[in-house]
Number of protein chains: 2
Amino acid sequence: MVTLKDVAREAGVSPKTVSRVVNDDPAVNAKTREAVAEIIQRMHYVPDHAARMMRMSHSSVVGVMTDAVATTPYSVDIIRGAQSGLWEQTRTMLIANTDGDPKQEHEYWQVFRAHKVAGAVYATTYHRPVDLGAPDFERGIVLANCYSARRSHSSVVPDDEGGGYTQARHLIELGHRRIGIVSLSPVLRATVLRGAGYRTAFAEGGLFYDPSLEVPGFVTRPDGGEDLVAYDAALGLLQRSDRPTAIICGNDQIAVQVYAAAAALGLSVPEDLSVMGFDDMTIITRTLKPMLTSVALPYFEIGRTAVDLLARINGESEGPIPPQVLVPCPLVERHSCRPI
Amino acid sequence: MVTLKDVAREAGVSPKTVSRVVNDDPAVNAKTREAVAEIIQRMHYVPDHAARMMRMSHSSVVGVMTDAVATTPYSVDIIRGAQSGLWEQTRTMLIANTDGDPKQEHEYWQVFRAHKVAGAVYATTYHRPVDLGAPDFERGIVLANCYSARRSHSSVVPDDEGGGYTQARHLIELGHRRIGIVSLSPVLRATVLRGAGYRTAFAEGGLFYDPSLEVPGFVTRPDGGEDLVAYDAALGLLQRSDRPTAIICGNDQIAVQVYAAAAALGLSVPEDLSVMGFDDMTIITRTLKPMLTSVALPYFEIGRTAVDLLARINGESEGPIPPQVLVPCPLVERHSCRPI
DNA sequence: GGGCGAGTTGACATCGGTGTCACAACCTGG
DNA sequence: CCAGGTTGTGACACCGATGTCAACTCGCCC
């Protein structure tokens with residue numbers, strides 16, 4: 001381990017001067033600076049983070065706590081987004097996956113405190129309310145993809161209502177007038193919000209919202225798990241005499257089954273049926289034939305926005321500190337919707 | 001910030017004694033220990049990581065460097081696996097996503113050095129060779145899902161050959177004798193290895209390996225990207241007069257298109273055609289109807305094994321230090337393969 | 001020539017823990 | 001009752017950086 005002292009001895013100056021060079025303190029003679037910098041290079045000196053942190057009593061590390069990121073694979077993009085923002089803040093990320101276990105969660109808050117992290121991002125797999133309790137943690141906390149029911153922390157969440165609106169609006173603009181919906185589980189907040197979006201778009205387009213055209217694609221089992229029943233749901237919609245010309249899906253997995261149901265009935269996408277996904281999971285949307293038009297969940301942006309907001313909360317950058325930031329869900333056009 | 005001294009003053013003992021209690025040093029009187037422990041609790045004292053690290057000159061943090069985890073979403077399970085192993089080692093994880101940019105990579109090695117991380121895991125999205133160059137980093141490095149062409153570091157990789165063997169073997173045991181293969185891009189190491197696995201299983205089962213029954217499901221574009229052409233590849237196989245009764249897929253995305261091709265030809269899975277996936281991406285395998293039988297890429301285990309190996313390399317736990325660990329790819333049976 | 005300010009540098013204390021070693025208190029057996 | 005050992009505790013130095021403040025060297029002006 002090369003230390004300040006080693007460099008100082010080599011350069012024939014005091015440790016403090018080396019420290020000044022490392023920290024771009026202008027009060028160093030240009031010639032000295034140059035000489036020291038050269039030696040730093042040559043000796044591969046890297047300042048010790050621990051010592052620095054101890055002296056300055058705060059860290060350049062931000063803690064990121066997540067529940068199980070596994071179930072919705074693209075939600076890790078929250079982490080990539082956070083990473084990307086932190087990179088620009090010349091910060092790094094200490095990651096903690098709790099698998100939703102409150103005991104682990106509690107322990108990680110301690111770890112964060114021990115590391116004196118500059119702040120924390122608490123990210124969840126699903127857009128949902130959370131209650132952090134009182135995590136005795138002094139620095140700022142931002143919620144990503146979730147929000148505090150008690151409004152105790154700022155949150156960054158996807159604009160599900162806007163996403164729903166976008167889905168419906170796009171189909172209406174293409175001329176569709178009978179639109180079926182195979183939605184997510186009705187208990188999810190996303191379902192409720194998107195439903196509101198559909199209605200707004202329908203109303204704007206002068207369409208009648210027919211509840212019988214909206215069926216859930218997931219059902220909750222007694223054990224709490226979920227079964228994907230979109231295939232049968234879609235069959236039901238497509239076998240009606242007043243068959244819809246387009247189907248809005250609660251997510252891309254539902255779309256897979258809608259495609260299958262259409263194929264089973266001899267209907268082809270998009271000629272006989274337009275299909276609109278949600279989430280934009282590329283392993284699905286780019287794999288289906290034809291490729292699926294979908295509305296993206298902006299996970300990356302959510303992570304990115306969360307760390308920016310965190311910096312503001314910690315007073316390290318300027319800007320407003322809204323209690324909630326909605327991140328838009330953009331339309332990603334591919335080939336599963338056509339004008340009618 | 002509550003410090004050792006604060007606790008010591010409150011407890012009427014020396015800081016060193018508090019330190020002993022915190023570190024479970026047996027040389028403390030039971031009564032003293034209890035009293036101090038109580039005060040630690042009450043004051044919410046958490047030892048400062050930086051100070052500890054500085055004194056002991058090594059950290060309880062392990063660096064994890066990844067290229068773009070985004071493209072193959074489940075590869076983040078490497079991270080979850082690492083996290084899980086580290087949790088048991090009471091360690092935490094500093095994560096660095098380089099997006100494959102060598103400049104960022106270099107900088108993160110510096111960051112790792114600055115943090116005096118106990119070691120590093122270098123994980124990639126695809127199973128592939130890597131050349132780390134000379135990352136002037138003194139602690140142990142383990143490669144996860146990749147391997148060093150120069151054999152300079154230990155690596156943990158999926159047993160692709162065994163996985164290929166498992167795919168073929170399962171179908172042969174179900175009685176299939178004509179098996180088609182829609183493979184990944186031929187340039188991938190995984191493709192080569194699995195090919196070897198197929199051949200072994202075929203030979204064991206007394207099957208003739210017919211090269212015309214193996215077609216690529218991905219083609220590389222001039223710009224380096226890849227196009228998924230499994231639909232057409234599968235159509236080709238299924239329209240032959242000697243149509244295969246089963247198709248082995250290079251991954252689950254290929255299987256999606258094989259399903260679609262079968263449906264287009266009026267063939268149903270698994271009655272007319274058995275389909276075997278690879279990767280076990282659950283958002284696909286559990287979404288397809290019928291659910292897809294697949295061979296899992298054991299990402300979680302890879303991450304888990306990598307940190308265990310790292311601990312051995314750093315001399316913190318006992319055990320052999322193999323230059324390469326193969327992690328088996330287990331069969332996950334669902335409903336897309338049937339006996340014939 | 002003396003004084004003053006700007007520019008440059010270094011001595012020293014300090015951050016919050018832990019290793020080392022000394023020492024006091026208590027026990028044991030002869 | 002004392003030598004010799006065990007147990008429990010604290011004083012002190014130190015890890016590697018940086019803030020504070022003093023000191024020293026100039027150049028410049030009165």
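## Exercises on helix packing and DNA contacts

In chain A, the contact between two helices brings A:D160, A:E161, A:G164, A:Y165, A:Q167, A:A168, A:R169 and A:I172 of helix 7 up against A:A190, A:L193, A:R194, A:A196, A:G197, A:Y198, A:T200, A:A201, A:F202 and A:E204 of helix 8. Keep in mind as you work that this is a predicted model.

**Exercise 1.** Work out how the residues in the contact of helix 7 of chain A with helix 8 of chain A divide by class, and how the two helices are oriented.

*Solution.* Start with the residues just listed. By class, this contact has 9 nonpolar, 4 polar and 5 charged residues. Next, turn to the axes: helix 7 (residues 160-173) and helix 8 (residues 189-204) of chain A come within 7 Å and cross at roughly 40°. That angle makes helix 7 of chain A oblique to helix 8 of chain A. Finally, look at the hand: the crossing of helix 7 of chain A with helix 8 of chain A is right-handed.

**Exercise 2.** Do the same for helix 9 and helix 10 of chain A, and find the residues that make their contact.

*Solution.* First, the geometry. Helix 9 (residues 230-238) and helix 10 (residues 252-264) of chain A have axes 8 Å apart and pack at an angle of about 50°. Helix 9 of chain A is therefore oblique to helix 10 of chain A. Their crossing is right-handed. Second, the residues: helix 9 of chain A brings A:A230, A:Y231, A:A234, A:L235 and A:L238, while helix 10 of chain A brings A:I254, A:Q257, A:V258, A:A260, A:A261, A:A262 and A:A264. Third, sort them: 11 are nonpolar, 1 is polar and none is charged.

**Exercise 3.** Describe the protein surface around DNA strand D, then find polar contacts to phosphate and to base.

*Solution.* Begin with the neighbours. There are 22 residues around DNA strand D, and A:L4, A:S19, B:T17, B:R20 and B:T32 come nearest. By class, this surface has 8 nonpolar, 7 polar and 7 charged residues.

Now view it from the DNA side. Of the strand D atoms within 4 Å of the protein, 52% belong to sugar or phosphate and the rest to bases.

Then go to single atom pairs. For phosphate, a polar side-chain atom of A:Y45 lies 2.8 Å from a phosphate oxygen of DNA strand D. A:D48 uses a polar backbone atom, 2.8 Å from a phosphate oxygen of DNA strand D. For a base, a polar side-chain atom of B:R55 is 3.1 Å from a base oxygen of DNA strand D.

Last, place the surface on the fold: the elements giving two or more residues to it are helix 2 (15-22) and helix 4 (49-56) of chain A, together with helix 2 (15-22) and helix 4 (49-56) of chain B.

How values were computed. Residues are numbered from 1 along each chain as its sequence is written. Chains are lettered from A and ligands numbered from 1 in the order in which they are written. This is a predicted model: local features need pLDDT of at least 70, side-chain atom pairs count only at pLDDT 80 or more; totals for chains, interfaces and linings use all residues. Side-chain values use heavy atoms; hydrogens and water are left out. A residue is near a molecule or strand if one of its heavy atoms lies within 4 Å of it. A polar contact is a pair of N or O atoms within 3.5 Å; within protein, one must be able to donate a hydrogen and the other to accept it, and residues adjacent in sequence count only if both atoms are side-chain atoms. Helices (H or I, at least four residues) and strands (E, at least two) are DSSP runs, numbered from the N terminus. Ala, Val, Leu, Ile, Met, Phe, Trp, Tyr, Cys and Pro count as nonpolar, Asp, Glu, Lys and Arg as charged, and the others, Gly among them, as polar. Axes are lines fitted to C-alpha atoms, for helices over the stretch in contact, and angles run from 0 to 180 degrees between N-to-C directions. Angles under 35 degrees count as roughly parallel, over 145 as roughly antiparallel, 65 to 115 as roughly perpendicular and the rest as oblique. A crossing is left-handed if the near helix is turned anticlockwise from the far one by less than a right angle, and right-handed if clockwise. Contact means heavy atoms within 4.5 Å.
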